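Dear colleague,

I am passing on to you the structure that we talked about, and below it you will find a short account of what turned up when I went through it. Please keep the sequence and the structure open beside this message while you read.

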Amino acid sequence: MKPLLTLLLSLCLIGLSGSALASPERIVDRETAIQTILLEARGESLDGQIAVGEVIRNRSRERNKTVEAVCLEPWQFSCWNNKTVARKALIGITGEQYQLASKAWELSDGSNLTMGANHYL
């Protein structure tokens, strides 16, 4: 667990020193989105993960809510219905999986694979 925590903190700091400063995105929003992508679509392709990121962004924009609020709103993303289960699942995430989900989140800004969808099956 300690190596993963170190990796996550490092990635946050890298984000702060890089392109994240150009965006007003809150760190908590970014991390919540990445965790949601991991929990909802960890086994999917990059495009599948980007699509989840797009749905998150579309809901946030349509509802005028933060990404964190949209992701954690009850019954919106099933991965968060039981936060204890979600936390346990996140413990097993590898650095490679985290990096892919992070890339998907970044690429979902400006992509339109879902054609504006705010839900998926």
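A good place to begin is Leu39, which belongs to helix H2, the helix made of residues 27–41. Please bear in mind from the start that this is a predicted model. Leu39 counts as buried because its relative accessibility is 18%, and the cut-off for that word is under 20%. When its neighbours within four places in sequence are left aside, Leu39 is in contact with Cys79, Trp80, Ala86, Ala89 and Leu90. Of these partners, Cys79 stands 40 residues away from Leu39 in sequence, yet the two C-alpha atoms are 5.9 Å apart in space.

Ser102, in helix H6, can be described in a similar way. With a relative accessible area of 8%, Ser102 is buried, and, if residues up to four places away in sequence are not counted, it touches Arg30 and Ile34. The side chains of Ser102 and Arg30 are joined by a polar contact of 2.8 Å. Ser102 can also be set beside Ile37, since these two are 65 residues apart in sequence while their C-alpha atoms lie 8.6 Å from each other.

Next come the aromatic rings, of which one pair is found in the structure. The partners are Phe77 and Tyr120, whose ring centres are 6.3 Å apart and whose planes make an angle of 45°, so that the pair is classed as tilted. This pair links distant parts of the chain, 43 residues apart: Phe77 is in the loop between helix H4 (67–72) and helix H5 (83–91), whereas Tyr120 is in the segment after helix H6 (95–107). Phe77 is buried, with a relative accessible area of 1%, while Tyr120, at 33%, is partly exposed.

Two arginines also deserve your attention when you look at the rings. Arg59 lies over the face of Phe77, at 4.3 Å from the ring centre, and the charged end of Arg57 sits over the ring of Trp105, 3.6 Å from the centre of that ring.

Finally, a word on confidence. The average pLDDT of the protein is 86, and 80% of the residues score at least 70. Over residues 9–22, however, the pLDDT is below 50, and this stretch has eight contacts in the model beyond near neighbours in sequence. Where pLDDT is low, the predicted coordinates should not be read in detail.

With best wishes

Conventions: Residues are numbered from 1 along each chain as its sequence is written. Side-chain values use heavy atoms; hydrogens and water are left out. pLDDT is the predictor's confidence in each residue, from 0 to 100. Contact means heavy atoms within 4.5 Å. Rings of Phe, Tyr and Trp (its six-membered ring) pair if their centres lie within 6.5 Å; planes under 30 degrees apart count as stacked, over 60 as edge-to-face and the rest as tilted. Helices (H or I, at least four residues) and strands (E, at least two) are DSSP runs, numbered from the N terminus. Buried means under 20% relative accessible area, exposed over 50%, partly exposed in between (1.4 Å probe, protein chains only). A charge sits over a ring if NZ of Lys or CZ of Arg is within 6 Å of the ring centre and within 35 degrees of the ring normal. A polar contact is a pair of N or O atoms within 3.5 Å; within protein, one must be able to donate a hydrogen and the other to accept it, and residues adjacent in sequence count only if both atoms are side-chain atoms.
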